[in-house]
Amino acid sequence: MHTQWSAVDEYINSLFPSDSALDAVLHATRAAGMPQINVSPVQGRLLHVLALACNARKILEIGTLAGYSAIWMARALPADGKLITLEADPKHVDVARANIARAGLADRVEVRLGTALDILPKLAVEEAGPFDLVFIDADKENLTVYFDWSVRLARPGSLIIVDNVIRGGEVLNSSSSDAGLQGVRRFNEALAADPRVTATILQMVGSKGHDGMALAVVRGENRELRTENQELRTRN
Ligand code: SAH
Ligand code: DHB
Ligand code: MG
(Lines give C-alpha, C1' and ligand atoms only; values in the text may rest on other atoms or scores of the structure.)
(Ligands and ions follow the chains in the order given, each with its own letter.)
Protein backbone atom coordinates (compact mmCIF):
# COMPACT_ATOMS: atom_id res chain seq x y z
CA MET A 1 0.00 0.00 0.00
CA HIS A 2 2.80 2.37 0.96
CA THR A 3 4.18 2.59 -2.60
CA GLN A 4 0.72 3.42 -3.93
CA TRP A 5 0.20 6.06 -1.26
CA SER A 6 3.51 7.66 -2.27
CA ALA A 7 2.69 7.39 -5.98
CA VAL A 8 -0.64 9.13 -5.42
CA ASP A 9 1.11 11.85 -3.38
CA GLU A 10 3.50 12.36 -6.29
CA TYR A 11 0.55 12.44 -8.69
CA ILE A 12 -1.15 15.16 -6.59
CA ASN A 13 2.09 17.15 -6.45
CA SER A 14 2.64 16.86 -10.17
CA LEU A 15 -0.72 18.56 -10.79
CA PHE A 16 0.56 21.77 -9.20
CA PRO A 17 3.37 24.00 -10.50
CA SER A 18 6.75 22.93 -9.14
CA ASP A 19 8.11 25.07 -6.37
CA SER A 20 11.87 25.52 -6.32
CA ALA A 21 11.93 27.44 -3.01
CA LEU A 22 10.25 24.58 -1.15
CA ASP A 23 12.29 21.94 -3.01
CA ALA A 24 15.41 23.82 -1.84
CA VAL A 25 14.27 23.50 1.78
CA LEU A 26 13.95 19.73 1.45
CA HIS A 27 17.35 19.60 -0.21
CA ALA A 28 18.89 21.66 2.60
CA THR A 29 17.27 19.38 5.21
CA ARG A 30 18.94 16.33 3.62
CA ALA A 31 22.25 18.13 3.07
CA ALA A 32 22.40 19.13 6.76
CA GLY A 33 21.81 15.51 7.80
CA MET A 34 18.64 16.49 9.64
CA PRO A 35 15.77 14.02 10.09
CA GLN A 36 13.40 14.12 7.11
CA ILE A 37 10.28 14.32 9.24
CA ASN A 38 8.84 17.53 7.78
CA VAL A 39 5.23 17.45 6.64
CA SER A 40 4.84 16.09 3.11
CA PRO A 41 4.31 18.52 0.23
CA VAL A 42 0.61 17.62 0.09
CA GLN A 43 0.29 18.19 3.84
CA GLY A 44 2.18 21.48 3.56
CA ARG A 45 -0.32 22.56 0.94
CA LEU A 46 -3.12 21.60 3.35
CA LEU A 47 -1.59 23.82 6.07
CA HIS A 48 -1.39 26.65 3.53
CA VAL A 49 -5.03 26.23 2.48
CA LEU A 50 -6.19 26.10 6.11
CA ALA A 51 -4.17 29.22 6.97
CA LEU A 52 -5.90 31.04 4.10
CA ALA A 53 -9.31 29.67 5.09
CA CYS A 54 -9.00 31.03 8.61
CA ASN A 55 -7.58 34.34 7.38
CA ALA A 56 -4.59 33.86 9.63
CA ARG A 57 -2.59 36.98 10.50
CA LYS A 58 -0.73 35.50 13.45
CA ILE A 59 0.49 31.91 13.37
CA LEU A 60 2.33 29.90 16.02
CA GLU A 61 4.29 26.75 15.21
CA ILE A 62 5.84 24.39 17.77
CA GLY A 63 8.67 22.40 16.12
CA THR A 64 10.43 24.15 13.21
CA LEU A 65 12.98 21.61 11.90
CA ALA A 66 14.22 23.27 8.67
CA GLY A 67 11.25 25.60 8.24
CA TYR A 68 9.37 23.61 5.60
CA SER A 69 5.91 23.73 7.21
CA ALA A 70 6.59 27.27 8.48
CA ILE A 71 7.20 28.48 4.92
CA TRP A 72 4.02 26.84 3.63
CA MET A 73 1.98 28.57 6.37
CA ALA A 74 3.81 31.92 6.27
CA ARG A 75 3.09 32.21 2.56
CA ALA A 76 -0.58 32.50 3.49
CA LEU A 77 0.06 35.56 5.70
CA PRO A 78 -0.67 39.13 4.64
CA ALA A 79 2.36 41.45 4.38
CA ASP A 80 1.94 42.61 7.98
CA GLY A 81 1.28 39.09 9.29
CA LYS A 82 3.59 37.14 11.59
CA LEU A 83 4.57 33.55 12.23
CA ILE A 84 6.51 32.58 15.34
CA THR A 85 8.05 29.10 15.28
CA LEU A 86 9.73 27.38 18.26
CA GLU A 87 12.74 25.08 17.93
CA ALA A 88 14.92 23.50 20.63
CA ASP A 89 17.86 22.43 18.44
CA PRO A 90 20.27 25.32 17.60
CA LYS A 91 21.44 23.60 14.42
CA HIS A 92 17.86 23.29 13.19
CA VAL A 93 17.32 26.97 14.02
CA ASP A 94 20.30 27.99 11.85
CA VAL A 95 19.19 25.89 8.88
CA ALA A 96 15.59 27.10 9.25
CA ARG A 97 16.58 30.78 9.40
CA ALA A 98 18.64 30.40 6.21
CA ASN A 99 15.78 28.59 4.44
CA ILE A 100 13.22 31.17 5.54
CA ALA A 101 15.45 34.04 4.38
CA ARG A 102 15.97 32.30 1.02
CA ALA A 103 12.20 31.97 0.69
CA GLY A 104 11.89 35.74 1.18
CA LEU A 105 9.95 35.41 4.44
CA ALA A 106 12.46 36.67 7.01
CA ASP A 107 10.32 39.76 7.68
CA ARG A 108 7.28 37.66 8.60
CA VAL A 109 8.81 34.65 10.35
CA GLU A 110 10.57 34.61 13.71
CA VAL A 111 12.39 31.41 14.67
CA ARG A 112 12.84 31.22 18.46
CA LEU A 113 15.50 28.97 19.93
CA GLY A 114 14.45 27.12 23.07
CA THR A 115 12.23 24.37 24.36
CA ALA A 116 8.53 24.85 23.88
CA LEU A 117 7.92 24.40 27.61
CA ASP A 118 10.19 27.42 28.27
CA ILE A 119 8.97 29.67 25.46
CA LEU A 120 5.19 29.15 25.58
CA PRO A 121 4.77 30.86 28.99
CA LYS A 122 6.96 33.72 27.73
CA LEU A 123 4.68 34.21 24.72
CA ALA A 124 1.78 34.56 27.15
CA VAL A 125 3.63 37.14 29.26
CA GLU A 126 4.60 39.08 26.12
CA GLU A 127 0.98 38.93 24.95
CA ALA A 128 2.33 37.71 21.60
CA GLY A 129 -1.09 36.26 20.72
CA PRO A 130 -3.82 35.74 20.09
CA PHE A 131 -2.75 33.35 17.35
CA ASP A 132 -5.29 32.61 14.63
CA LEU A 133 -3.64 29.30 13.77
CA VAL A 134 -1.34 27.01 15.76
CA PHE A 135 0.53 24.01 14.34
CA ILE A 136 1.92 21.62 16.96
CA ASP A 137 4.68 19.37 15.59
CA ALA A 138 7.48 18.92 18.18
CA ASP A 139 8.08 16.07 20.65
CA LYS A 140 4.99 13.95 21.29
CA GLU A 141 5.47 13.33 25.04
CA ASN A 142 4.24 16.83 25.90
CA LEU A 143 1.47 17.16 23.32
CA THR A 144 -1.23 17.75 25.91
CA VAL A 145 0.76 20.54 27.56
CA TYR A 146 1.49 22.20 24.19
CA PHE A 147 -2.17 21.97 23.28
CA ASP A 148 -3.19 23.54 26.58
CA TRP A 149 -0.85 26.50 26.00
CA SER A 150 -2.08 26.79 22.42
CA VAL A 151 -5.68 27.19 23.55
CA ARG A 152 -4.61 29.85 26.04
CA LEU A 153 -2.66 31.71 23.33
CA ALA A 154 -5.57 31.53 20.88
CA ARG A 155 -8.98 33.22 20.61
CA PRO A 156 -12.47 31.89 19.98
CA GLY A 157 -12.46 30.60 16.40
CA SER A 158 -8.72 29.93 16.23
CA LEU A 159 -7.67 26.68 14.56
CA ILE A 160 -5.18 24.36 16.27
CA ILE A 161 -3.62 21.56 14.18
CA VAL A 162 -1.65 18.72 15.76
CA ASP A 163 0.56 16.43 13.64
CA ASN A 164 1.28 12.73 14.11
CA VAL A 165 -1.75 11.59 16.06
CA ILE A 166 -2.16 8.16 14.39
CA ARG A 167 1.41 6.81 14.02
CA GLY A 168 0.72 4.03 11.54
CA GLY A 169 -2.15 2.82 13.71
CA GLU A 170 0.18 2.27 16.69
CA VAL A 171 -2.19 4.62 18.52
CA LEU A 172 -4.46 1.59 19.00
CA ASN A 173 -1.78 -0.08 21.12
CA SER A 174 -2.63 0.90 24.69
CA SER A 175 0.30 -1.10 26.09
CA SER A 176 2.97 0.54 23.90
CA SER A 177 6.22 1.22 25.77
CA ASP A 178 6.96 4.24 23.51
CA ALA A 179 6.67 7.47 25.53
CA GLY A 180 5.83 9.51 22.41
CA LEU A 181 3.06 7.10 21.48
CA GLN A 182 1.62 7.25 24.99
CA GLY A 183 1.79 11.06 24.73
CA VAL A 184 -0.26 10.87 21.54
CA ARG A 185 -2.81 8.54 23.15
CA ARG A 186 -3.17 10.84 26.18
CA PHE A 187 -3.56 13.81 23.87
CA ASN A 188 -6.25 12.25 21.68
CA GLU A 189 -8.30 11.31 24.74
CA ALA A 190 -7.88 14.75 26.33
CA LEU A 191 -8.79 16.47 23.05
CA ALA A 192 -12.04 14.57 22.69
CA ALA A 193 -13.05 15.52 26.25
CA ASP A 194 -11.85 19.15 26.09
CA PRO A 195 -14.83 21.51 26.49
CA ARG A 196 -12.77 24.46 25.19
CA VAL A 197 -12.66 23.16 21.62
CA THR A 198 -14.64 21.38 18.93
CA ALA A 199 -12.31 18.88 17.31
CA THR A 200 -11.84 15.99 14.98
CA ILE A 201 -9.00 13.61 14.17
CA LEU A 202 -8.08 12.79 10.58
CA GLN A 203 -6.10 9.73 9.57
CA MET A 204 -3.98 10.29 6.49
CA VAL A 205 -1.93 8.20 4.06
CA GLY A 206 0.74 9.38 1.67
CA SER A 207 4.49 9.62 1.24
CA LYS A 208 4.92 9.61 5.05
CA GLY A 209 2.97 6.37 5.38
CA HIS A 210 -0.08 6.24 7.65
CA ASP A 211 -0.47 9.00 10.23
CA GLY A 212 -2.87 11.84 10.91
CA MET A 213 -3.62 15.29 12.22
CA ALA A 214 -6.05 16.58 14.82
CA LEU A 215 -8.00 19.75 13.99
CA ALA A 216 -9.55 21.80 16.78
CA VAL A 217 -11.47 25.08 16.72
CA VAL A 218 -11.48 27.08 19.95
CA ARG A 219 -14.96 27.77 21.32
CA GLY A 220 -16.03 30.74 23.38
CA GLU A 221 -18.17 33.86 23.37
CA ASN A 222 -21.01 33.35 20.93
CA ARG A 223 -19.59 29.95 20.02
CA GLU A 224 -19.98 28.88 23.64
CA LEU A 225 -23.66 28.15 23.13
CA ARG A 226 -23.01 25.80 20.26
CA THR A 227 -22.10 22.80 22.35
CA GLU A 228 -22.32 19.50 20.56
CA ASN A 229 -25.45 18.54 22.51
CA GLN A 230 -27.23 21.69 21.47
CA GLU A 231 -26.25 21.19 17.86
CA LEU A 232 -27.76 17.71 18.03
CA ARG A 233 -30.91 18.99 19.73
CA THR A 234 -31.43 21.65 17.05
CA ARG A 235 -31.09 19.08 14.32
CA ASN A 236 -33.55 16.55 15.83
N1 SAH B 1 7.16 21.26 11.51
C2 SAH B 1 8.34 20.79 10.80
C3 SAH B 1 8.83 19.47 11.35
C4 SAH B 1 9.16 19.51 12.82
S5 SAH B 1 10.05 18.06 13.32
C6 SAH B 1 7.99 20.61 9.33
O7 SAH B 1 6.97 19.98 9.05
O8 SAH B 1 8.72 21.11 8.48
C9 SAH B 1 10.07 18.31 15.05
C10 SAH B 1 11.00 19.42 15.51
O11 SAH B 1 10.70 19.70 16.87
C12 SAH B 1 12.49 19.03 15.48
O13 SAH B 1 13.23 19.99 14.77
C14 SAH B 1 12.89 19.02 16.94
O15 SAH B 1 14.23 19.46 17.16
C16 SAH B 1 11.89 19.98 17.55
N17 SAH B 1 11.65 19.77 18.98
C18 SAH B 1 11.64 18.60 19.65
N19 SAH B 1 11.37 18.80 20.94
C20 SAH B 1 11.18 20.13 21.09
C21 SAH B 1 10.85 20.96 22.19
N22 SAH B 1 10.67 20.44 23.40
N23 SAH B 1 10.75 22.29 22.00
C24 SAH B 1 10.95 22.82 20.75
N25 SAH B 1 11.24 22.07 19.68
C26 SAH B 1 11.36 20.76 19.84
C1 DHB C 1 8.51 11.96 13.67
C2 DHB C 1 8.13 13.23 14.05
C3 DHB C 1 7.26 13.95 13.27
O4 DHB C 1 6.85 15.20 13.61
C5 DHB C 1 6.76 13.41 12.10
O6 DHB C 1 5.89 14.16 11.36
C7 DHB C 1 7.15 12.15 11.69
C8 DHB C 1 8.03 11.42 12.48
C9 DHB C 1 9.43 11.18 14.51
O10 DHB C 1 9.89 11.73 15.52
O11 DHB C 1 9.69 10.04 14.17
MG1 MG D 1 5.21 15.83 12.41
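Student: How far is an oxygen atom of ligand 2 from an N or O atom in the side chain of asparagine 164?
Tutor: That distance is 2.8 Å for aspartate 137, and for asparagine 164 it comes out at 2.7 Å. Keep in mind that this is a predicted model.

Student: OK, and what about aspartate 163 and ligand 2?
Tutor: There, an N or O atom of the aspartate 163 side chain lies 3.1 Å from a ligand 2 oxygen.

Student: How much of ligand 2 does the protein bury?
Tutor: The protein buries 68% of the 290 Å² that ligand 2 exposes when taken alone.

Student: Which residues surround ligand 2?
Tutor: Ile37, Asp137, Lys140, Asp163, Asn164, Arg167 and Lys208. By type, that shell has five charged residues, one polar and one nonpolar.

Student: And where does ligand 2 sit?
Tutor: In the largest pocket. Ligand 1 sits in the largest pocket too.

Student: Let's switch to ligand 1, then. Which residues come nearest to it?
Tutor: Val39, Gly63, Ser69, Glu87 and His92, out of 22 residues around ligand 1.

Student: How does that shell divide by residue type?
Tutor: For ligand 1 you get 10 nonpolar, seven polar and five charged residues.

Student: Which helix and which strand each supply at least two residues of the ligand 1 shell?
Tutor: Helix H4, residues 68-74, and strand S2, residues 82-87.

Student: You listed Glu87 a moment ago. What is the distance from its side chain to an oxygen atom of ligand 1?
Tutor: An N or O atom in the glutamate 87 side chain is 2.6 Å from an oxygen of ligand 1.

Student: What do the nitrogen atoms of ligand 1 sit close to, say at alanine 116 and aspartate 139?
Tutor: At alanine 116 the partner is a polar backbone atom, 2.9 Å from a ligand 1 nitrogen. At aspartate 139 the partner is an N or O atom of the side chain, with a ligand 1 nitrogen 3.1 Å away.

Student: How much of ligand 1 gets buried?
Tutor: The figure is 87% of the 580 Å² that ligand 1 exposes on its own.

Student: Changing topic: how many salt bridges does a search of the whole structure find?
Tutor: It finds 13. One of them pairs lysine 82 with glutamate 110, and their closest N and O atoms are 2.8 Å apart.

Student: Why does that pair tie together parts that are apart in sequence?
Tutor: Because lysine 82 belongs to strand S2 while glutamate 110 belongs to strand S3, residues 109-113, the bridge links parts 28 residues apart in sequence.

Student: Now the backbone. Which residues does a cis peptide bond join?
Tutor: Glycine 129 and proline 130, with omega at about -5°.

Student: Where does proline 130 lie?
Tutor: Proline 130 is in the loop that runs between helix H6 (116-125) and strand S4 (131-136).

Student: Last one: what is phi of asparagine 55, and where does that residue lie?
Tutor: Phi is near 55° there, a positive value in a residue other than glycine. Asparagine 55 lies in the loop between helix H3 (41-53) and strand S1 (58-62).

How values were computed:
Residues are numbered from 1 along each chain as its sequence is written. Chains are lettered from A and ligands numbered from 1 in the order in which they are written. This is a predicted model: local features need pLDDT of at least 70, side-chain atom pairs count only at pLDDT 80 or more; totals for chains, interfaces and linings use all residues. Side-chain values use heavy atoms; hydrogens and water are left out. A residue is near a molecule or strand if one of its heavy atoms lies within 4 Å of it. A polar contact is a pair of N or O atoms within 3.5 Å; within protein, one must be able to donate a hydrogen and the other to accept it, and residues adjacent in sequence count only if both atoms are side-chain atoms. Accessible areas come from the Shrake-Rupley method with a 1.4 Å probe; for residues, only the protein chains shown count as cover. On a 1 Å grid over the protein atoms alone, a cavity is a set of points where a 1.4 Å probe fits but cannot get out, and a pocket is an open set with protein on both sides within 12 Å along at least five of seven lines; lining residues have an atom within 4 Å of a point. A molecule sits in a cavity or pocket if more than half of its atoms lie within 2 Å of its grid points. Ala, Val, Leu, Ile, Met, Phe, Trp, Tyr, Cys and Pro count as nonpolar, Asp, Glu, Lys and Arg as charged, and the others, Gly among them, as polar. Helices (H or I, at least four residues) and strands (E, at least two) are DSSP runs, numbered from the N terminus. A salt bridge is a side-chain nitrogen of Lys or Arg within 4 Å of a carboxyl oxygen of Asp or Glu.
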